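I opened the notebook today to go through one model piece by piece. Here is what I looked up, in the order I got to it.

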Amino acid sequence: MKKIVMSGICGKMGSSISRELLKEEEIELIGGLDVINEGADIGEFLTGKKNGYMIYSSYDKVKKLNPDIIVDFTNADAAKKNINWAIDNSIDIIVGTTGLKKEDLEIIEKKASNATSKTLIVPNFSIGAVIMIKISKMISKYFDGCEIIELHHDRKIDAPSGTSLFSAEEIGNCKKFSKSRLKKDEEEKVNGSRGGFVNGIHIHSIRLPGLLAHQNIIFGSKGQTLSLKHDSFDRASFYPGVVLAIKNMEKLPGYTFGLDELVDF
């Protein structure tokens, strides 16, 4: 039985995932960590039925629960603090929070790699999105260009998304499509209209109400294009990936980025 504390339990992702975790037989949600609703019963907060487990706002109270894993769905600043605290206290942590910068990840990797606990940072828990990136890496060598369109709800505060950045890094490591953001003699009539540029790949971000999390990776070569599209219409789509991570943390090294090592086909 894995004992879990959910950090950010009162947020949309944290509450959605926690509500599902309550149904698991091999996972026990023993506490929540958040800046609001301290002292609230988790069961009552999530389902209207008390279960005796509480929401806390301090690390000291969480440590006394002796959790096996912290699952983090907060924001970038809070996640950095939570990761450092978890490592310092030898507690495994799974991070679904986006917005962590490259330099943040480098610092975390260095610290986590020498720790006794494990740190897993996942830009997207949707197994479909993970498979999409794996397939993209396989087929990239057969095309001459690649661009990514990522679409998210209008309350997402970071752009481009962590998934699109990870996709561009992974695909670009397999094939370099372009060395410069703009081609020779190419002109942007509106600044930024060609989007961001990461590892030889353009990324375009869309934020609209009505969306949740979507990505389209488009490859092109002479006379043809190939598009790989993934859509998450409900936060429940991330749940199987969270459970997969929780149940397989012991298989991972001190620091891991992404679910790639746990998704094989």
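**Entry 1: Ser221**

Is Ser221 buried or exposed? I am working from a predicted model, and there Ser221 has a relative accessible area of 17%. Buried means under 20%, so Ser221 is buried.

I then placed Ser221 in the chain: Ser221 belongs to strand E10, residues 213-221. Next I asked what Ser221 is in contact with, leaving aside neighbours within four places in sequence. I found Tyr142, Phe143 and Asp144. For Phe143 I also looked up the separation: Ser221 and Phe143 are 78 residues apart in sequence, yet their C-alpha atoms are 5.1 Å apart in space.

**Entry 2: strand E7 and its partners**

From E10 I moved on to strand E7, residues 145-152, since 8 bridges join E7 to E10. These two strands run antiparallel, and I noted one bridge in particular, with Leu151 partnered by His214 in E10.

E7 also pairs with strand E9, residues 201-207, through 6 bridges, and here the strands run parallel. The bridge partner of Glu150 in E9 is Ser205.

Which residues of E7 make up its covered face? I listed Cys146, Ile148, Glu150 and His152. The uncovered face has Gly145, Glu147, Ile149 and Leu151. That reads like the textbook pattern, because in a regular strand the side chains alternate between the two faces of the sheet.

**Entry 3: cysteines**

How many disulfides does the structure hold? I got 0. For Cys146 I checked the distances: the closest cysteine sulfur is that of Cys174, and at 11 Å it is too far for a bond. Cys146 counts as buried because its relative accessible area is 5%. I looked up Cys10 as well, and with 17% relative accessibility Cys10 is buried too.

**Entry 4: the open sheet**

Next I traced a sheet of 7 strands, which is open and has parallel pairing. I wrote down the order as E3-E2-E1-E4-E5-E6-E12. At its edges stand strand E3 (55-56) and strand E12 (255-257); each has a single partner strand, so one side of each is left without a neighbour in the sheet.

Inside that order I picked one pair to look at. Strand E5 (residues 92-95) and strand E6 (residues 119-121) run parallel and are joined by 3 bridges. Ile93 has Thr119 as its bridge partner in E6.

**Entry 5: helices H4 and H5**

Helix H5 lies across E6 and E12, and I read its angle to E12 as about 145 degrees.

How do H5 (residues 102-113) and helix H4 (residues 76-88) sit relative to each other? Their axes come within 11 Å and cross at roughly 10 degrees, which means that H4 is roughly parallel to H5. On the H4 side of the contact I noted Lys80, Ile83, Asn84, Ile87 and Asp88; they meet Asp104, Ile108, Lys111 and Ala112 in H5. Sorted by class, this contact has 4 nonpolar, 1 polar and 4 charged residues.

**Entry 6: helix H1**

I closed with helix H1, residues 12-21, which is mostly covered: 7 of its 10 residues are buried. My list of the buried ones is Met13, Gly14, Ser15, Ser16, Ile17, Ser18 and Leu21. What do the buried residues of H1 pack against? I found two strands and two helices there: E1 (2-7), E2 (27-33), H2 (42-47) and H8 (239-247).

Conventions
Residues are numbered from 1 along each chain as its sequence is written. This is a predicted model: local features need pLDDT of at least 70, side-chain atom pairs count only at pLDDT 80 or more; totals for chains, interfaces and linings use all residues. Side-chain values use heavy atoms; hydrogens and water are left out. Axes are lines fitted to C-alpha atoms, for helices over the stretch in contact, and angles run from 0 to 180 degrees between N-to-C directions. Helices (H or I, at least four residues) and strands (E, at least two) are DSSP runs, numbered from the N terminus. Angles under 35 degrees count as roughly parallel, over 145 as roughly antiparallel, 65 to 115 as roughly perpendicular and the rest as oblique. Contact means heavy atoms within 4.5 Å. Ala, Val, Leu, Ile, Met, Phe, Trp, Tyr, Cys and Pro count as nonpolar, Asp, Glu, Lys and Arg as charged, and the others, Gly among them, as polar. Two strands pair if DSSP finds at least two bridges between them. A disulfide is a pair of cysteine sulfur atoms within 2.5 Å. Buried means under 20% relative accessible area, exposed over 50%, partly exposed in between (1.4 Å probe, protein chains only).
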